[in-house]
Amino acid sequence: MRKLLPSLFQRDRGEQLPPEDRIIGVSRQAMSDDRYVAIAEEGMRRHMKPDEFDPAVWDRFSGRLHHAAIDATGESGWPELAETLGAAPDRVRMFYLATAPDLFGPICERLQAAGLVTEQSRVVLEKPIGHDLYSARCINERVGAVFSEHQIFRIDHYVGKETVQNLMALRFANALFQPLWNSTSIDHVQITVAETIGVESRGGYYDHSGALRDMVQNHLLQLLCLVAMEPPLHLDKDSVRDEKLKVLRALKPIGRDEVPACTVRGQYRAGAVDGAAVRGYLEESGIAADSDTETFVALKVELQNWRWTGVPFYLRTGKRLQQKASEIVIQFKPVPYSIFPPTSGELAANRLVLRLQPDEAVRLHLMAKEPGPGGMRLREVPLNLSFAETFKHPVSDAYVRLLGDVVRGDPTLFMRRDEVEAAWVWTESILEAWQTRGEPPKPYIAGTWGPSTAIAMIERDGRTWHEDV
Ligand code: BG6
């Protein structure tokens, strides 16, 4: 209701869905198509902006919606689904599994048994792909026994975000940054994905997951890959994913001894976000009263390769933080020597900020002379590329792009099996180190920037988190 149907609706509005396309919602509960359409309408109206919900398009779109009741691990419902879909081996079928990961294998096997898998079928798997390396491998095996790798689309919606795509354009369509994009010129990189929401209604899932599995293993590592990867040969599926894989393999494991200096785990307590009082994590529904699941992570990450050795990547993400803001900050090194007298003011090193959301923008912070006759007064000023001002049309949701890619059969922006597994190998090193140390997460007040130890972690290195977040 929040992402998938609105994205398909947007495609329909853009006249990009052929008239015969159908969307079949599947759940355990039996319901008529009319009931499903009513639920979809209510949910979509709630989540879409009023000007996006075009009633004329809804008339057409609602005619595409159907519902089927199925038992994912049992027998019931599958023959009826097969009948509804009919034999159409040449038509593209996208099976989108927004389910718990342990159902991915069983559902694919049922799809095959019901004769629903054809060469034109694709399956979409939502993250998390498993809970650890072992479960991810088991899922990949079972799904891979039914679908070929080119039919499997492991979705990470961060990669589909416009500004994340723009990182590729910025890096590889401009010569300007190319000679500077390495440890000679870059001091460090920061990647922040801050949320103001709490766990909402997903306590049952989240409490078994935590921020490292929910956000770092996938979204933040994908962002890191796009910043750090070598130029791919072409913009095709294997060239791009091969380069990302090399970055994942270059991640330096964080073991037991590195945990205190390189990781911070936090958990929110009651506080106030955007002026409204909110409860603490342990009071949320579906959360164990003594849970030690982290809702905040900060990490100092190193890459062991030629380009990046010696350049720390500081990552942080958390729920119930002060602002919703996702940013990548490339902090360049200072000038080697200042020719300016102390009265000119302090020289700040250049910084490139990619604002992923909200207010999508690219900002390059430079030093400039303040106008005026009073001598050489220097000030840091941003060169600001605001997407809203420059491109004049709203940034569409990542799912609009990604669902289109699935239909077209282009997996470039989706995780390949080896990528997911490499990301788990590294993530597991941290999970294991945390487990052996057995330290509870540090509490932080909702509406702040997380535990003070996250600030201390970066300040120990003589650096600070980027402050205009
Ligand atoms: C999801 C996580 O993958 O991403 C959620 O499971 C998180 O916990 C969400 O809230 C954030 O996505 P976005 O696009 O709102 O930044």
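Start by selecting Arg-28: with 76% relative accessibility, this residue counts as exposed (the cut-off is over 50%, with under 20% for buried and partly exposed in between, using a 1.4 Å probe on protein chains only). Before moving on, note that this is a predicted model, where local features need pLDDT of at least 70, side-chain atom pairs need 80 or more, and totals for chains, interfaces and linings use all residues. Residues are numbered from 1 along each chain as its sequence is written, and side-chain values use heavy atoms, leaving out hydrogens and water.

Stay on Arg-28 and show its surroundings. Arg-28 sits in the loop between strand 1 (23-27) and helix 2 (33-47); helices (H or I, at least four residues) and strands (E, at least two) are DSSP runs numbered from the N terminus. Leaving aside residues up to four places away in sequence, Arg-28 touches Ala-69 and Ile-70, where contact means heavy atoms within 4.5 Å.

Why pick this residue? An unreviewed UniProt entry lists Arg-28 and Lys-127 under "binding site", and such annotations may be inferred rather than shown by experiment.

So hop over to Lys-127, in the loop between strand 4 (121-126) and helix 6 (133-144). Beyond residues up to four places away in sequence, Lys-127 touches Ile-155, Tyr-205, Asp-214, Asn-218 and His-219. Zoom in on Asp-214: its backbone oxygen lies 3.1 Å from the side chain of Lys-127.

Last stop: select 168-466, which the unreviewed UniProt entry marks as "domain: Glucose-6-phosphate dehydrogenase C-terminal". Residues 168-466 are 30% helix and 24% strand, with the end C-alpha atoms 22 Å apart.

Methods. Polar contact = N/O pair within 3.5 Å; in protein donor to acceptor, adjacent residues only side chain to side chain.
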